[in-house]
Amino acid sequence: MKKRIKKVAILGSGTMGGGIAAQLANAGIPSYLLDIVPRELTDKEKAQGLTTDSPAFRNRIAEANKAILVKSKPAALMSKDDAILITVGNMEDNLDWLSECDWVVEVVPENIAIKKAVLKQIAPFIKPGTFVTSNTSSISINSIVEDMPLEFKQYWMGTHFFNPVRYMKLLELIPGKETLPEVVSFMADFGERVLGKGIVWAKDTPAFVANRLGNYGGPSALNLMLELGLSIAEVDAITGSAIGRPGTGTFGLYDLVGLDIGIASTEEVKHNVSDPAEKEMYTLPGFCQEMLDRGMLGAKTKGGFYKRVGKEKQVIDINTFEYGPIQPVQFASLTAAKKAKTLPEKIAAFYEGDDKAAEFTWRNLTGLFLYAAAKIPEVADDIVNMDRSLCWGYNHSKGPFELWNGLDLEKYIARLEAEGQVIPAWIKEMLGAGIKSFYKTEAGVDYYYSIPDKKYLPIEHKPEVIVLKELKGQNKVVKSSDVGTLYDIGDGVLCLELHTRTSAISPELIDFMKLSQEELAENWEGMVIAGAGKNFCVGADLTGVTNIINEKNWDLGAQLLARTQEVYRANKYSAKPVVMAVHGMALGGGCEMIIQGSAIQAAGESYIGLVEVGVGLIPAGGGIREAVMRTYEKIKGTNAAPVDFIMPYFENIAMAKVSTSAKEAMKLGYLRPTDGITLNPDYLIADAKKRVLDMIEEGYLPPMKKSIPSFGQSAVALLKVGTHQMLEAGVISEHDWHIACRIVDVMAGGNITRGTMITEEYLDALEIEVFIGLCGEQKTQDRIAHMLKTGKPLRN
């Protein structure tokens, strides 16, 4: 299907409607955000002279929700500048706008009568072939359109996003009975490639996949708590990170999303399933309704299962509904799970335990597993969609089937049978065939057990997606070490994957990068540099810095910094393009690495910044030098004052500003306007490779090395004046002021006369001189020690 979505209409401007509009804006797609017309004027509107015909009145609901959206935390928009892409209106005056749209998504209240009425209302205004979808979380997709004509049904389906839309990867797609296959295929590709989502294929069954499984967990945990006599704090300790779930635990999560939302979501599933036994599974204990009636909903009411009383966090007593101190949680199985290094070891610690925490975990997790297993293929066709739904929609680290990886499945299935549990026939058949795990990995390829095929099948991904571990099985490794692997990713392009233990920079990594550069120069056309794990690179290994400080081996420290600068500069001046594929955090030296690439291709969720001042240091991998060089490029040939153009770079460094997205990184100057952004990180390396090939095709030439006139102290003196005012106002400490002055000294070119010609190497040497000097200061050493101990910066 050769179509493009250029403009979208969203019917319903609440949390989900606004979130979808924001994600479209993040992708650069304009939208109309429409809602109902208010019933009557407010006193404020009357005082302003508005009438019921005034657009400000008629668009009030959508306008107010857009304002909430722009201010939301965490931010729904990757850049507030993109709010201009969202145009508000109402569903009486502006339905003619729908004729401009390629996609209309319905996000009105979860009431089938309302949804049916809205579809009939909009039908005359949409052009033929317009995609119309529903964001319903539970109502039958086919039932909503049962009264609509065939052509409408052919372009109709469910597109169920999860909140918050920007951050939750999951997009459930629910085709209707009459949906054209090409429509389904197009929406899947658009959702994945353009909006950056992970697709889960759902059937038109109650609550679809994620909410069907996710809502099982609440009633299960709460009722088990009562049966076993556990406390709220104990359940949260058990159901958090100890089993690979969000650290909030069960009750903390209820407080975060709101107990009212949790109850409503569970009731939706309960109402829509028909089996009485299944309805019972979705029945919450009575204290939930009592708390709802009392308005004890969580964070939104400043009190739910937990409440802040002064500085103390207290927990509710579900019998008296009074708050009291949180008692320590002590279980042998929980202690063992916390000590375990891997998730299978943590789960095994519970499964092999003999206390209440062990029993709770066994019954809770195996209950979800057996329920999910019994719902294939009714709810979803395979275990992959089941697992992904909870990982992408509920932030579980592993789904109910993947959780068994590394455990003795056969042993625990026998235990379940001995306890009288009903094991789905397909699991018995799988084990009988000698297949002892739901997943396996061979030659870098991940496989899952396919129930209808009765064998392992590879987990499919789009052909253009590059999965580096698969290349190992294809003999595509060019060089490897403990800190990095160099892959052949095709078309004469290398990919250097960084995989140090903590995503930090080490001397060994710098040496391996140098080897990769030599390999590139001799045998290849271009290179991508990417990070393994959840972050690109978090900067220098502070343990190594501490060792240099303790030994006072300043010469070694200077040598290592000079080596790092040399290697980073080699990327910048490489005759062949080196593109940085950035995702997650690129901090400190990681930020300095990427800004010296030929180009950057950044994942939308990239958090980039020069944060060295947090540990009492300055950037010394070329970060300040690059600020100076970029400032010079902006002012050369003009009479502009350097301070006006270097100020933003100085603020970035002195205030340790970290972008909250790739778009903000561009605004802060870490990314150039010519750099690219990829919303779906699965495509990041492929997009970076394409950027390399495009640069080659365009006849890439590296920048010319040049000397520039130094700015001099007088040209940037205002930077010191401004920060001294912050010191006097108590905004920064004496040590902060001292570091800021040293940053300015490097930017000025030291104490030489303004206009003296200097090289990049000269500025790099200044960075090293200041960095090593700060390492010898006690306050810097205190900051480093505090960061290593707590993971947080120290103000001293």
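Is Glu 626 buried or exposed? Select this residue in the predicted model to begin the tour. Glu 626 is buried, with a relative accessible area of 2%.

**First stop: Arg 625 and Glu 626**

Extend the selection to Arg 625 and display both side chains. They meet in a salt bridge, with an N to O distance of 2.8 Å. Arg 625 has a relative accessibility of 0% and therefore counts as buried, the cut-off for that class being under 20%. Side chains of opposite charge can pair when their charged atoms come close.

Next, add Arg 569, Lys 572, Arg 630, Glu 760, Glu 761 and Asp 764 to the selection. Together with Arg 625 and Glu 626, these residues form one network, joined by salt bridges that share partners.

**Second stop: Lys 657 and Glu 651**

Move to Lys 657 and show Glu 651 with it. A salt bridge links Lys 657 to Glu 651, and their closest N and O atoms are 3.8 Å apart. Lys 657 is partly exposed, at 27% relative accessibility. Its partner, Glu 651, is also partly exposed, with a relative accessible area of 30%.

**Third stop: Arg 212 and Glu 378**

Select Arg 212 and Glu 378. These two residues form a salt bridge in which the closest N and O atoms lie 3.4 Å apart. Arg 212 belongs to helix H9 (residues 210-228), while Glu 378 sits in the loop between helix H17 (356-374) and helix H18 (383-394), so the pair ties together parts that are 166 residues apart in sequence. What is the exposure of each partner? Glu 378 is partly exposed, with a relative accessible area of 37%, whereas Arg 212 counts as buried at 1% relative accessibility.

For an overview of such pairs, display every salt bridge in the model; the count comes to 53.

**Last stop: a nonpolar surface patch**

Switch to a surface representation and select Leu 253, Leu 256, Val 257 and Ile 261. These residues make a nonpolar surface patch of about 350 Å². Which helix gives the most to the nonpolar patch? Colour helix H11 (residues 249-257) to see the answer: H11 gives the most, with 3 residues.

Finally, centre the view on Leu 256, which lies in helix H11. Leu 256 has a relative accessible area of 60% and is therefore classed as exposed, since that class begins over 50%.

Conventions
Residues are numbered from 1 along each chain as its sequence is written. This is a predicted model: local features need pLDDT of at least 70, side-chain atom pairs count only at pLDDT 80 or more; totals for chains, interfaces and linings use all residues. Side-chain values use heavy atoms; hydrogens and water are left out. Patches are made of residues with over 30% relative accessible area and no salt bridge: like charges are joined within 9 Å, nonpolar side chains (Val, Leu, Ile, Met, Phe, Trp, Tyr) within 5 Å. Accessible areas come from the Shrake-Rupley method with a 1.4 Å probe; for residues, only the protein chains shown count as cover. A salt bridge is a side-chain nitrogen of Lys or Arg within 4 Å of a carboxyl oxygen of Asp or Glu. Helices (H or I, at least four residues) and strands (E, at least two) are DSSP runs, numbered from the N terminus. Buried means under 20% relative accessible area, exposed over 50%, partly exposed in between (1.4 Å probe, protein chains only).
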